[in-house]
Amino acid sequence: MVNVIGLGYIGLPTALMLAKSGEDVIGTDLNVELIETLQSGKLTFQEAGLDILFKGAIEKGIRFSTCYDNTNIYIVAVPTPYDKMSKKIDPQYVISAVNSVLDICKEGTILIIESTISPGTIDKYIRPEIIRRGLVIGKDIHIAHAPERIIPGNMIYELEYNSRTIGVDSSEIGVQVKELYSCFCKGEIIITDIRSAEMSKVIENTYRDINIAFANELAKICRVDNMDVYEIIRTANMHPRVNILQPGPGVGGHCISVDPWFLVGDYPDLTNIILIARKINDSMPAFVLGRIRDIMREHGIRDIRKIGLYGLTYKEDVDDTRESPTLQLLEMMDEYLAFGVKVYDPFVTKRIVENQYFDFQKFLDDIEILVILVAHTHIKNSIQQIKDKLVLDTRNICAVEGVYKL
Ligand code: SAJ
């Protein structure tokens, strides 16, 4: 039996996938409301294909509980926040989950950490917890790190087809963990040591952050001389070894905008490109604000309440708002006492910010400038409705004359 601890964006799909593939799974989370929702047959977040997977897992007998179960395989997928000041990882949730496992687990248990952690976290925080209890690593308990690579919006497909990395202390345990993931993962599974697995996960997201920063810097350069950055990137990408990403209003989500900080926090004297990339991406909401000001000036609009921000999530067609560029932008406006801007997102059905609308047409009726911050399919299908607005399209989805770009 497998006990998956932490049923968030990663833990839940992983638990469901294991169950659907025939493993005996119990999913645990300390959040009572979340467990009750899952027990009542309802999902806790939206993701393409998750509902079908959920049904399949329920049919196979997956159980949900707020308690840990006494078993010999655990997968820990709890959040790993970082300290906003020191930029270092805060491993408290992982440590607490590991301790709860240690309280009840059987001899020879395999403890798999899936949560993203900064390189060295297992050596620094997890091994000492085990040793402190007089347990022998490699006998009483085995540790593994199996970071995920799935992308919100395409999670179910990627869970099945992405390749994976498994970090372990011994190849024997590596083979057992590989066997477990092989029940649903059709990608290649590479076995390495724990430290390398931690490091490769963090640098994958750092690589993407740096490449997005490059695209964002190009957008700023092109703005100075009014060049079309999208056309220039498209042209450059025709080179067989060039693949520039897309500029945007900033980088959000709980991964790419967070993981590079782990490296900056741990290696402050060595992280130059990584730090500057983070700063460039973090500067994009301010750049968008500058573009809004340009449009307001050009059209003599002085009332901030005439601005409507479309999209609150960190990217298209997901309901996750963590670290989203729109929230970063609103925070910044708030600091400058720029209150009253209107907001709408079809995926966010609970009120999380002021002046948030739940009716798209009413939102449009109340604004003059529409700022597209997220490329939801919904807005791509609503181009006709926004034709009479001044539009700032930060995602390059409106191929309409007169639309302002980044
Ligand atoms: N973004 C751009 N321009 C681009 C691509 C993305 O501005 O060309 C922005 C997005 O709008 C978003 C942010 O970057 O705000 C991050 O989005 P994303 O789609 O690039 O990635 P995430 O955060 O959803 O998922 C990432 C993935 N990592 C990599 O691609 C290296 C995913 O595979 C990881 O599993 C995930 O982080 C994670 O959990 O670590």
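1. A word on classes before we start: Ala, Val, Leu, Ile, Met, Phe, Trp, Tyr, Cys and Pro count as nonpolar, Asp, Glu, Lys and Arg as charged, and the others, Gly among them, as polar. On that basis the shell around the ligand holds nine nonpolar, four polar and seven charged residues.

2. Please keep in mind that this is a predicted model, where local features need pLDDT of at least 70, side-chain atom pairs count only at pLDDT 80 or more, and totals for chains, interfaces and linings use all residues. Residues are numbered from 1 along each chain as its sequence is written, and side-chain values use heavy atoms, with hydrogens and water left out.

3. Now to the neighbours. The ligand has 20 residues around it (a heavy atom within 4 Å); Arg 149, Lys 201, Asn 205, Arg 208 and Tyr 314 come nearest.

4. Three polar contacts (pairs of N or O atoms within 3.5 Å) deserve a look. A ligand oxygen is 2.5 Å from a side-chain N or O atom of Arg 208, one is 2.9 Å from a polar side-chain atom of Lys 315, and one is 2.7 Å from a polar backbone atom of Ile 150. The protein buries 88% of the 770 Å² that the ligand exposes when taken alone (Shrake-Rupley method, 1.4 Å probe).

5. Finally, the domains: an automatic or database assignment divides the chain into domain 1 (2-192) and domain 2 (283-405). Their contact (heavy atoms within 4.5 Å) takes seven residues from domain 1 and eight from domain 2. Each domain gives at least three residues to the ligand shell.

Note on methods:
A polar contact is a pair of N or O atoms within 3.5 Å; within protein, one must be able to donate a hydrogen and the other to accept it, and residues adjacent in sequence count only if both atoms are side-chain atoms.
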